[in-house]
Amino acid sequence: MKGSLIVVGFFILGLLAGHSGTMPEWVLSSGLSFAALCALLLCVGMGIGLNPDMKSDIKSLSPRLALLPVATIAGSWLGAVVACALMNSGICTIFQPRNITDCLAVDSGFAYYSLSSIFITEYRGAELGTIALLANIIREMITLLLTPLLAKWFGPLAPISSGGATTMDTTLPIITQTVGQRYVALSIYHGFVTDFTVPFVVTMWCML
């Protein structure tokens, strides 16, 4: 939760700085966001590579549970399709209609707000990138705040799917505390797989 609030704070600070018109020209034209994206991907790779237990954790999973990331991705996309249909139906008049690939690209961040929002901003513009940032932060916050309820209502796998790519780091403590230590390996594996897919599926939807 604290990390998400810090990210939102920096996002608001960036909005204010950009709106003020005081940013130097080199910041706006030098591809700084691409450099930040490369640095972020480097840190993600290092974080995964430095985990000595990843191989043994994956080997300990049953084949059925190993398919949980696939279910998470498919369920997320189904939710995006439903949300897109509602926005375009005219029922929810407060929402601007969006095409299906926009909704799927935003949803494919799987709560990895920093990486997905940069990709979407590069391909589809700042407006959709901002929507992706906020949507994926909200997904992480929902997991952090509602994990006990999700586990109670839908079972121990529900908060893991809800957490998406964050289940290997920020939401892991609350998930472990709620559903037990026996789901630690699954949470880490689930976060690793969904985390790894984000750059590929976000780019895929953005390019369609």
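**Salt bridges, cores and a helix pair**

R98 is buried, at a relative accessible area of 16%, which is below the 20% limit used for that label. The model described here is a predicted one. R98 is a useful place to begin, as several charged residues can be followed from it.

Side chains of opposite charge can pair when their charged atoms come close. The structure contains 3 salt bridges, and two of them can be traced from R98. One joins the side chains of R98 and E127, with 3.0 Å from N to O. R98 sits in the loop between α5 (68–89) and α6 (100–107), while E127 belongs to helix α8 (residues 126–154), so this pair ties together parts that are 29 residues apart in sequence. E127 has 49% relative accessibility and therefore counts as partly exposed, since exposed would require over 50%.

Another salt bridge links R98 to D102, where the N to O distance is 3.9 Å. This pair stays within the 4 Å cut-off for a salt bridge. Both of these residues are buried. For D102 the relative accessible area is 9%.

D102 also forms a salt bridge with R124, and here the closest N and O atoms are 2.1 Å apart. R124 is found in helix α7 (residues 113–124) and D102 in helix α6, so the pair ties together parts that are 22 residues apart in sequence. R124 is partly exposed, with 25% relative accessibility. Taken together, R98, D102, R124 and E127 are linked in a network of salt bridges.

From the charged residues the description turns to the nonpolar ones. The largest nonpolar core has 21 residues, and I120, V198 and V202 are the ones that touch the most other members. Two or more residues of this core come from each of α5, α6, α7, α8 and α11. Its largest share, 5 residues, is supplied by α11.

V198 can be looked at in more detail. Leaving aside residues up to four places away in sequence, V198 touches S108, G109, F110, Y112, L115 and S116. Apart from the largest core there is a second, separate core of 11 residues, which includes L61, L68, A185 and L186.

Helix α11 spans residues 184–207 and contains M204. M204 is partly exposed, with a relative accessible area of 36%. The C-alpha atoms of M204 and S108 are separated by 9.9 Å, although these residues are 96 apart along the chain. S108 is also one of the residues that V198 touches.

The last step concerns how α11 is placed against α6. These two helices pack at an angle of about 165°, and their axes are 8 Å apart. That angle makes α6 roughly antiparallel to α11, because the label applies to angles over 145 degrees. Their crossing is left-handed. On the α6 side the contact is made by T101, L104 and A105, and on the α11 side by V202, W205 and C206.

Two of the residues named above link these topics. V202 takes part in the contact between α6 and α11, and V202 is also among the residues that touch the most other members of the largest core. D102, in helix α6, belongs to the network of salt bridges with R98, R124 and E127.

Note on methods:
Residues numbered from 1 in each chain as written. Predicted model: local features only at pLDDT ≥ 70, side-chain atom pairs only at ≥ 80, totals over all residues. Heavy atoms only, no water. Buried < 20%, exposed > 50% of the residue type's maximum accessible area, 1.4 Å probe, protein only. Helix = DSSP H or I, 4+ residues; strand = E, 2+ residues; numbered from the N terminus. Core = buried A, V, L, I, M, F, W, Y, C linked by side-chain atoms within 4.5 Å. Contact = heavy atoms within 4.5 Å. Axes fitted to C-alpha atoms, helices over the stretch in contact; angles between N-to-C directions. Parallel < 35°, antiparallel > 145°, perpendicular 65-115°, else oblique. Left-handed = near helix turned anticlockwise from the far one by under 90°.
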